[in-house]
2 protein chains.
Amino acid sequence: MSGGLDSTTCLAWALRDGWECYTLSLDYGQRHQAEIAAAARVAQALGAAQHMTVKIDLRQFGGSALTDNIEVPKGRDAGEMGHGIPVTYVPARNTVFLSLALAWAEVLEAAAIFIGVNAIDYSGYPDCRPEYIEAFERMANLATRAGVEGHTALKIHTPLIRLSKAGIIRLGRELGVDYSLTHSCYDPGPDGRPCGACDSCLLRAKGFAEAGEHDPLAQP
Amino acid sequence: MSGGLDSTTCLAWALRDGWECYTLSLDYGQRHQAEIAAAARVAQALGAAQHMTVKIDLRQFGGSALTDNIEVPKGRDAGEMGHGIPVTYVPARNTVFLSLALAWAEVLEAAAIFIGVNAIDYSGYPDCRPEYIEAFERMANLATRAGVEGHTALKIHTPLIRLSKAGIIRLGRELGVDYSLTHSCYDPGPDGRPCGACDSCLLRAKGFAEAGEHDPLAQP
């Protein structure tokens, strides 16, 4: 859970589908802590059975504008975002996240992991593609007790993977999600307000516009 | 790097093969810190370019005698060790370790990750098997920039995977490894001395005996 549009909508989807949900956030040294607070707030508001934040300092490895002193790009258009892997890419982030989810899933004897990755408005992250998720699932089932003792295989569910950002917002509205609880900005101000100009803010604004919805976080 | 026989021998192998090695240890809330100190000592003594310890508290998830308050089993024979997955299994441990290694490898633009897993004297851990490593490698190449931008694929090397513990010790001796630097025990005393009775101590003693070598850490 990042507490953004995607993970929030994904949680709402899993709960509506009848799952008991244990939500996991990573405090990985991102520049801002608003994301950590939003994730916990959303998990509680939507009715997760338990929310856990695991701290791991990915800054030690360097390599991303989200954890390093690299400047977050502002005001890029969709064409620029679509080219190559952006500086906001955190090395192997979803692999680290899914691995930790897998560790907890194994202890909980969970049947599934849900992750709100999205291959359409994905900003160029390699670890949001369906072929990556399938490879992770295969590896996960070889990594764990399930793979050895013939338990039910673990499934990785990605209900948002083929939706546009507008489609995600429409789905979330149908599920009754209150998007005022969420947080998307890569570079919020000291008061926690979104910058309105980073890739994440721009994709969010574009998504709400295309969905014909008002973003409760938008400046009036 | 755990600073045990396997990771130490694996590092010696990679260095002898001409690789510039960046070594990674995880401080994952194991009951004892002797392992963390041994890993750093070994990395420096053997000539790693850089050693890094990443802290992540896997105790939050529970589920293992190595991180929980479950008692470490003592005095089991090889037959008992070979049956099922032991309580010392840490959920998804190698997946968490390899994922973090992958994050660093991506930043370093490394061509390979070496891991000293071993499928023979493996004590029943599912994430030490060749099919698991192959699945991880496949996933890793889809997870990262390499998979998108057509860089050289990342290889996961497991030079010890088909060696017995005795074979690993013989290989290490050929490579000039000083095993007095290493640490294997799951449950060392307050002075850091090995207990001599946990699975790891027993496998180590058996390995040295079968290799016809003296363990420099053995009680006189």
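Colleague: At what angle do the axes of helix H1 and helix H2 of chain B cross, and within what distance do they come?

Modeller: This is a predicted model. In it, the axes of H1 (residues 5–16) and H2 (residues 34–46) of chain B cross at roughly 20° and come within 11 Å.

Colleague: Why are H1(B) and H2(B) called roughly parallel?

Modeller: Angles under 35 degrees count as roughly parallel. The crossing angle here is roughly 20°, so H1(B) and H2(B) are roughly parallel to each other. Their crossing is right-handed.

Colleague: Which residues make the contact of H1(B) with H2(B)?

Modeller: H1(B) contributes Thr8(B), Leu11(B), Ala12(B) and Leu15(B), while H2(B) contributes Val42(B), Ala43(B) and Leu46(B). By class, that contact has 6 nonpolar residues, 1 polar and no charged.

Colleague: How do you know that the two copies are related as by a two-fold rotation axis?

Modeller: A turn of 180° with a shift of 0.0 Å along the axis lays chain B on chain A, and the RMSD is 0.0 Å. The two copies are therefore related as by a two-fold rotation axis. The same surface serves both copies, as 100% of the contact residues of chain B recur in chain A.

Colleague: Which residue of chain B comes closest to the rotation axis?

Modeller: That is Ile56(B), with its C-alpha at 2.7 Å.

Colleague: What makes up the contact between the chains?

Modeller: Chain B gives 35 residues and chain A gives 36. On the side of chain B that touches chain A, H4(B) supplies the largest share, 10 residues. By class, that side has 22 nonpolar, 8 polar and 5 charged residues.

Key:
Residues numbered from 1 in each chain as written. Chains lettered and ligands numbered in written order. Predicted model: local features only at pLDDT ≥ 70, side-chain atom pairs only at ≥ 80, totals over all residues. Contact = placed C-beta atoms within 7 Å. Helix = DSSP H or I, 4+ residues; strand = E, 2+ residues; numbered from the N terminus. Nonpolar A, V, L, I, M, F, W, Y, C, P; charged D, E, K, R; others polar. Least-squares fit on C-alpha atoms with pLDDT ≥ 70 in both. Axes fitted to C-alpha atoms, helices over the stretch in contact; angles between N-to-C directions. Parallel < 35°, antiparallel > 145°, perpendicular 65-115°, else oblique. Left-handed = near helix turned anticlockwise from the far one by under 90°.
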